[in-house]
Amino acid sequence: MCFLSTYSVSAVDGNENVSLVTPLPSIWAFNHLLGVVSKMKHYSTVVSMFQQMMGFKQIQPDISTITTLMNCFCNLKKVDLGFSVFAMIVKLGLQPDPYTMNVLLLGRCNEGKVNEAVELFQKIVKNGYPCNEHSSGIIIRGLCKSGNLRSAVDVLKEMNANGRFKADVVFYNTIIDGFCKERCMDEALIIFQDMLDRSIEPDVVTFNSLLHGLCSIDKWNEAKNLLSDMINRGIPPNVYIFNTLIAHLCKDGKYANSCLRGKTGEWRHAMKFFENMIASGVSPDVQTFTSLIDVLCKQGKTGKALEILELMTHKGVKPNVFTYTSLIQGLCHLGQWKEVESLFDRMKVEGIHPNVVTFNSLIDVLCKQKRAKNAITILEIMAERGIKPNVITYNSLIHGFCLSGQWKEVINLLSKMVTQDIFPDIVTFNTMLDGICKLGMMEKAEEVLELMNDKGVEPDEVTYNTMIKGYCLQGEMDKANDTYNLMVKKGFSPTLANRMLDAADSKRKRKDEPKVNDV
């Protein structure tokens, strides 16, 4: 063993020399050494050592040696070389074991050639090569990862039909999780039921996938029933399950609106789950706290959100940039600038750097408050810190300068966007059109439409409605009607445009009617 320790260190250092010790160790000792170096992920070193080892007639590799070498080639993304090594097994008269075949199956799956892995698996089974449950598991995982869930189900059905290998909870979890991620919950629940029918007990991983899937399609009542089933089976929820439920309650107010139809606010229900989580002895993590802080800030409960931040710190959970960004967004919208400044100082002390979303929050609020010049200062700070703005950054700034009618600044911002390889999107142009049309500058608006066409940005329903409204306000009904007809031709719903045209037409008719004094 002293030799093995010495050789392992020298091999990793790149000084592979198998003639250091005489007499040479047994093949078992070499296998042990190759295994250790392989586990350290020094795959090229293993290949080099094997090549030197083959120079000694006294040493004959066995199936373990060959399998280790194959595994190294597969990890080096040289699966074809792994197959070449497999040919040595036949040449040396060795018998492959299931692990040998699994190395090749896994190698094909890891390089993304799942179809070839499936073909190999079918050949292994047909020709009677050794394989085991893990072989089927590799194929099922590969198929699920590549999105071929139906084929994964077929492999599972075949396992259950021939009875050679017994599928366990891990096999079912893999397929269930795949369907849940695709939001195919009917299929996921069918597999879940098949699992129960075969007396295979689900675990916390099973329920976590199903709960996440149900919440992702807003099936809250079904999620609650499943949670009850889980608890009745004696499986306590873990932090991931609580996070899934809390995140759903915090998401866009959907729970309060679609499930409770109440007015108490979804944050109260999220807080209730949070309290249950702590009472159950499950420690919340940064995701838990950030979800709560985010929903509280969106509902204007910044004081409560700051309390959660302090509780988070007290429990030893370090906030991240997303935690602080949620808080900064909420405080900005309420104009609590002193608290915003305090949070930025706190981030600096904790070594947490604001990202583009953080700065976008500041810029958006400043622009909405017609403080576009202050927003430009934030843009300059971003540049100093090496944070590249995105299209959302510029859309907010353009909106701010449009509000104050500073068109020269708007044009400058557009030019700056392009020089930074940030291209205007439909929101950018609609923002400009809205401001221009409100000021009655319809010729400028038409120039913006031409610019949209040059940039390959297709007008949407908002674009057409904005133009129609602008023409109506200026009494240019012919142009308004032409835009309306174009809008219908493009397949957009003209409901709002109809109302605007009707209102403008009624106003014109009232204006044309003779007054009482004129009769």
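Modeller: Contact here means heavy atoms within 4.5 Å, and the model we are discussing is a predicted one.

Biologist: With that cut-off in mind, which residues does Thr 67 touch, not counting residues up to four places away in sequence?

Modeller: Thr 67, which lies in helix α4 (residues 63-75), touches Asp 97, Tyr 99, Thr 100 and Val 103 when residues up to four places away in sequence are not counted. As for Asn 102, its C-alpha is 9.7 Å from that of Thr 67, with their positions 35 residues apart in sequence.

Biologist: What makes Thr 67 count as buried?

Modeller: Buried means under 20% relative accessible area, and Thr 67 has 2% relative accessibility, so Thr 67 counts as buried.

Biologist: Why is Tyr 484 called buried?

Modeller: The relative accessible area of Tyr 484 is 18%, which is under the 20% cut-off, and therefore Tyr 484 is also called buried. Tyr 484 is found in helix α28 (residues 477-489), and its C-alpha lies 9.2 Å from that of Met 467, a residue 17 places away in sequence.

Biologist: Why is the pair of Trp 220 and Phe 273 called edge-to-face?

Modeller: Rings pair if their centres lie within 6.5 Å, and planes over 60 degrees apart count as edge-to-face. The ring centres of Trp 220 and Phe 273 are 5.9 Å apart and the planes stand at 70 degrees, so both conditions are met and the pair is edge-to-face. This pair links distant parts of the chain, with Trp 220 in helix α13 (residues 220-232) and Phe 273 in helix α16 (residues 266-279), 53 residues apart. Both Trp 220 and Phe 273 are buried, and the count of aromatic pairs by this rule comes to six.

Biologist: How do you know that Arg 371 lies over the face of Trp 337?

Modeller: The distance part of the rule asks for CZ of Arg within 6 Å of the ring centre, and Arg 371 is at 5.4 Å from the ring centre of Trp 337, over its face.

Biologist: What makes up the lining of the largest pocket?

Modeller: The largest pocket has a volume of about 430 Å³, and of the 21 residues that line it, the closest to its centre are Phe 344, Phe 359, Leu 362, Ile 381 and Arg 385. The elements giving two or more residues to this lining are α20 (337-350), α21 (356-368) and α22 (372-384), and the largest share, seven residues, comes from α20. By residue type, the lining divides into twelve nonpolar, four polar and five charged residues.

Terms used
Residues numbered from 1 in each chain as written. Predicted model: local features only at pLDDT ≥ 70, side-chain atom pairs only at ≥ 80, totals over all residues. Heavy atoms only, no water. 1 Å grid on protein atoms, 1.4 Å probe; cavity = no way out; pocket = protein on both sides within 12 Å on 5 of 7 lines; lining within 4 Å. Points joined across faces, edges and corners; volume = space filled by probe spheres on them. Helix = DSSP H or I, 4+ residues; strand = E, 2+ residues; numbered from the N terminus. Nonpolar A, V, L, I, M, F, W, Y, C, P; charged D, E, K, R; others polar. Buried < 20%, exposed > 50% of the residue type's maximum accessible area, 1.4 Å probe, protein only. Phe/Tyr/Trp six-rings, centres within 6.5 Å; stacked < 30°, edge-to-face > 60°. Lys NZ or Arg CZ within 6 Å of the ring centre and 35° of its normal.
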